[in-house]
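Q: I'd like a close look at one part of this protein, with the surroundings filled in as you go. Please keep it chatty and walk me through it step by step.

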Amino acid sequence: MQVKSEVTIKFSGALPNATPAANKKVEIELTDQNGVVFTALINAKSWRKAETNALEFADWAGAVSGKLGQRTENGFEVIDAGIQLFEKKPKEVKSDVGAAFAESGTS
């Protein structure tokens, strides 16, 4: 049997703080609602793209995903991590015009 442990940490509102790391990477920390700290090394190019998207998108949500790594003092490492930002589109308000026609029997 083969087992993989993958994790996705979702966030919104602001990008996590990033500190430069070796090999063209940046280190970020995300703390969840239970106080568990997830530490990830992100490719610097991916990080710059996330920063650009955060400025360009009016409303967005982000996710860091990767393999669940070793336990740390406060949480866990996320190995082979990537980051993505998604633009939140406003939901369209559906009108009840179609329902009104159906109820009245007119077409």
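In which strand does threonine 39 lie? Start there and work outwards, please.

A: Threonine 39 lies in strand β4. One caution before going on: this is a predicted model, and everything below should be read that way.

Let's stay on that residue for a moment. Threonine 39 has a relative accessible area of 15%, and under 20% counts as buried, so threonine 39 is buried. What does it touch? Setting aside residues up to four places away in sequence, threonine 39 touches Glu27, Ile28 and Glu29, and also Phe76, Glu77 and Val78. Now put those on the strands: β3 covers residues 25-31, and β6 covers residues 75-87. Keep Phe76 in mind, since the next stop involves that residue.

Phenylalanine 38 also sits in β4, which runs over residues 37-43. Phenylalanine 38 forms an aromatic pair with phenylalanine 76. The two ring centres are 6.2 Å apart and the planes make an angle of 25°, and the pair is stacked. Phenylalanine 76 belongs to β6, so the pair ties together parts that are 38 residues apart in sequence. How well covered are the two partners? Phenylalanine 38 comes out at 11% relative accessibility, so it counts as buried. Phenylalanine 76, with a relative accessible area of 24%, is partly exposed. Phenylalanine 76 has another neighbour worth a look: arginine 71 lies over the face of its ring, 5.0 Å from the ring centre. Arginine 71 is itself part of the β5 stretch, residues 60-71.

From the far end of β4 you walk straight into the helix. Asparagine 43 caps the N-terminal end of α1, with a side-chain oxygen 2.8 Å from the backbone nitrogen of lysine 45. Helix α1 takes in residues 44-56, which makes 13 residues. At 1.5 Å a residue these should span 18 Å, and the end C-alpha atoms are indeed 18 Å apart, so the expected span and the model agree. Which residues of α1 are buried? Ala44, Trp47, Ala50, Asn53 and Ala54 are. There's a bit of helix geometry to keep in mind here: an α-helix has 3.6 residues a turn, so residues three or four places apart point the same way. As for what covers the buried residues of α1, the list includes β2, β3, β4, β5 and β6, and β4 is where we began.

The loop between β2 and β3 is another spot to check, and it holds alanine 22, asparagine 23 and lysine 24. Alanine 22 counts as exposed at 58% relative accessibility, asparagine 23 at 70% and lysine 24 at 71%. The backbone here deserves a second glance. Most residues other than glycine have a negative phi. Asparagine 23, though, has a positive phi near 60°, and lysine 24 has a positive phi near 55°. Back towards β4, the C-alpha atoms of alanine 22 and leucine 41 are separated by 9.4 Å, with their positions 19 residues apart along the chain.

Phe38 and Phe76 have company, as the structure holds two aromatic pairs. Phenylalanine 11 and tryptophan 60 have ring centres 6.1 Å apart and planes at 75°, so this pair is edge-to-face. Phenylalanine 11 is in β1 and tryptophan 60 in β5, so the pair ties together parts that are 49 residues apart in sequence. Both of these residues are buried, with tryptophan 60 at a relative accessible area of 10%. Beyond its neighbours within four places in sequence, tryptophan 60 is in contact with residues including Phe11, Leu15, Ala54, Leu85 and Phe86. Ala54 in that group is one of the buried residues of α1. As for Phe86, its C-alpha lies 5.4 Å from that of tryptophan 60, although 26 residues separate them in sequence.

Finally, step back to the whole chain. There are two helices and six strands, and from the N terminus the elements go β-β-β-β-α-β-β-α. Of the 107 residues, 27% count as buried. Among contacts with a separation of 6 or more, 54% come from residues 24 or more positions apart. The accessible surface is about 8300 Å², and carbon and sulfur atoms make up 49% of that.

Key:
Residues numbered from 1 in each chain as written. Predicted model: local features only at pLDDT ≥ 70, side-chain atom pairs only at ≥ 80, totals over all residues. Heavy atoms only, no water. Phe/Tyr/Trp six-rings, centres within 6.5 Å; stacked < 30°, edge-to-face > 60°. Helix = DSSP H or I, 4+ residues; strand = E, 2+ residues; numbered from the N terminus. Buried < 20%, exposed > 50% of the residue type's maximum accessible area, 1.4 Å probe, protein only. Lys NZ or Arg CZ within 6 Å of the ring centre and 35° of its normal. Contact = heavy atoms within 4.5 Å. Expected span 1.5 Å × (residues − 1). Polar contact = N/O pair within 3.5 Å; in protein donor to acceptor, adjacent residues only side chain to side chain. Areas by Shrake-Rupley, 256 points an atom, 1.4 Å probe, with all protein chains shown as cover.
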